Amino acid sequence: MPRIVPVLDLSRVEQGASEHRAFLLDLRAAARDVGFFYLSGHGISASEIDDVLDASRRFFALPEADKLAIEMVKSSQFRGYTRAGGELTKGAADWREQLDIGVERQPIPQGPGIAAWTRLQGPNQWPSALPDLKPALLAWQTRATAVAIRLLKAFALSLDQPEDAFDAIYRDSPNHRMKIVRYPGRDATDGDQGVGAHKDGGFLTLLQDDNKGLQVEYDGSWVNVDPIPGTLVVNIGELLELASNGYLRATVHRVVTPPAGVERISVPFFFSARLDATIPLLTLPEELAAEARGPASDPDNPLFRDVGTNVLKSRLRSHPDVARRHYADLLETGAVRP
């Protein structure tokens, strides 16, 4: 049986014009067909992959008090630690513990007329009991960002756009975010939902993990996306769906809780546009435009071209405890709809 989720070699873009073009066609087909692919030839070494997974395991091995000292509810930027069951997908608890970090930036001063999404910019929370975690995760952010930008440029070319078609909406201050995640075995959870079925909201997600559990919805069935050593798993997000008028589609995926006695460590990296950006509608070539179906529309989860509004909506839905503590004014007035 052929592999449903293909393996693409990013180094092909540097192997001459013919191979470059063949890679772009393979990339476009993978993103349009299944929305997921394995990426080899990305330039991140095996030792760098091992380092970020090892750093993640050390964090989750900390005493609970050390992790709760940086609990996400303390951060209006939705950064920090979340206990298993503390994040929701479509209203149901995800059985994973995790640490969310984003770009290290100064908060934006607040006042009348300042957009609500500006509260999302600010610092991360780091565990004082594990000082080497910060450099390890920031190093991974740097490496993953470089890969994501190479891929985003390739996606632009694959849609017969200029290579820099997306540069203006991420250059200088992209809104990338990452998590380190631990999925405990089924004996330690209240169900099999590691993460419920969902789409990702950014441009691209790059994933490194160490065990089975990730599944993608394809042709009405759930397909396993088990780790392949040395590769990253990549999926497109809703911003590429919006920009391509639905020619490329973000794909529904989920994580199933591991069996009893087994844990799964995962490091997803979400590359997105600037919070103040508006996603353009690309002018596709006639043959591609004819196959664009328009972005998927869910009345309960509308998509906005304004990036900051889209991100804030998603965060408020996923972390209602943070929303109640730091965004109660917006919830009470209806200024945002989680």
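Here are some short exercises, each with a worked solution, for getting to know this predicted model.

**Exercise 1. Which strands make up the eight-stranded sheet, and in what order?**

Solution. Start with the whole sheet: it is open, its pairing is mixed, and its order is S1-S2-S12-S9-S14-S7-S6-S3. Next, look at the ends. Strand S1 (7-9) and strand S3 (80-82) are the edge strands, each pairing on one side only. From one strand to the next, the twist averages 25°.

Now zoom in on one pair. S2 and strand S12 (residues 232-236) are antiparallel and share four bridges. To find the spot in the viewer, look for Phe37, which stands opposite Val234 in S12.

Finally, add a helix. H2 packs on this sheet and touches S3, strand S6 (97-102), strand S7 (177-183), strand S9 (204-209) and strand S14 (264-271). The direction of H2 makes about 115° with that of S14.

**Exercise 2. How many residues of S6 are buried, and which way do they point?**

Solution. First, the count: six of the six residues of S6 are buried. Then sort them by direction. Glu97, Leu99 and Ile101 point one way, while Gln98, Asp100 and Gly102 point the other way.

Next, take the partners of S6 in turn. S3 pairs with S6 in the antiparallel sense over three bridges, and Thr82 stands opposite Gln98 there. S7 also runs antiparallel to S6, joined by six bridges. In that pairing, Glu97 stands opposite Arg182.

**Exercise 3. Which strands stand at the edges of the four-stranded sheet, and why is one side of each left without a neighbour?**

Solution. Begin with the order, S8-S13-S10-S11, in an open sheet with antiparallel pairing. Strand S8 (193-198) and strand S11 (221-224) stand at the edges; each has a single partner strand, so one side of each has no neighbour in the sheet. The twist here averages 30° from one strand to the next.

For a closer look, follow strand S10 (residues 214-218), which is joined to S11 by four bridges, the two running antiparallel. Gln215 stands opposite Asn224 in S11.

**Exercise 4. Which residues of the largest nonpolar core touch the most other members?**

Solution. This core has 65 residues, and Phe59, Phe166, Phe203 and Leu204 touch the most other members. Ask next where the core's residues come from: helix H4 (residues 133-158) gives the most, with eleven residues.

Now pick Phe203 and list its contacts, leaving aside neighbours within four places in sequence. Among them are Leu152, Phe166, Ile169, Ile236, Leu240, Phe271 and Ile279. There is also a second, separate core of 14 residues, which includes Val5, Tyr38, Leu214 and Val223.

**Exercise 5. Does the span of helix H8 agree with or differ from what its twelve residues should give?**

Solution. Take the expected span first: at 1.5 Å a residue, the twelve residues of H8 (residues 307-318) should span 16 Å. Then compare the end C-alpha atoms, which are 17 Å apart, so the two agree.

Next, check burial along the helix. The buried residues of H8 are Val307, Gly308, Asn310, Leu312, Lys313, Arg315, Leu316 and Ser318.

Now turn to Ser318. Its relative accessible area is 11%, and buried means under 20%, so Ser318 counts as buried. A polar atom of the Ser318 side chain lies 3.0 Å from the backbone oxygen of Ser314. Leaving aside neighbours within four places in sequence, Ser318 is in contact with Gly86, Glu87 and Leu88.

**Exercise 6. Is Gly43 buried or exposed, and where is it found?**

Solution. Place the residue first: Gly43 is in the loop between strand S2 (36-40) and helix H2 (46-60). Its relative accessibility is 55%, and exposed means over 50%, so Gly43 counts as exposed. Not counting residues up to four places away in sequence, Gly43 touches Glu48 and Arg143. For a sense of distance, Gly43 and Leu120 are 77 residues apart in sequence and 31 Å apart in space, C-alpha to C-alpha.

To finish, move on to Asp54, which lies in helix H2. At 34% relative accessibility, Asp54 is partly exposed. The C-alpha atoms of Asp54 and Ala289 are separated by 45 Å, and the two are 235 residues apart along the chain.

Note on methods: Residues numbered from 1 in each chain as written. Predicted model: local features only at pLDDT ≥ 70, side-chain atom pairs only at ≥ 80, totals over all residues. Heavy atoms only, no water. Buried < 20%, exposed > 50% of the residue type's maximum accessible area, 1.4 Å probe, protein only. Contact = heavy atoms within 4.5 Å. Core = buried A, V, L, I, M, F, W, Y, C linked by side-chain atoms within 4.5 Å. Expected span 1.5 Å × (residues − 1). Pairing = 2+ DSSP bridges. Axes fitted to C-alpha atoms, helices over the stretch in contact; angles between N-to-C directions. Polar contact = N/O pair within 3.5 Å; in protein donor to acceptor, adjacent residues only side chain to side chain.
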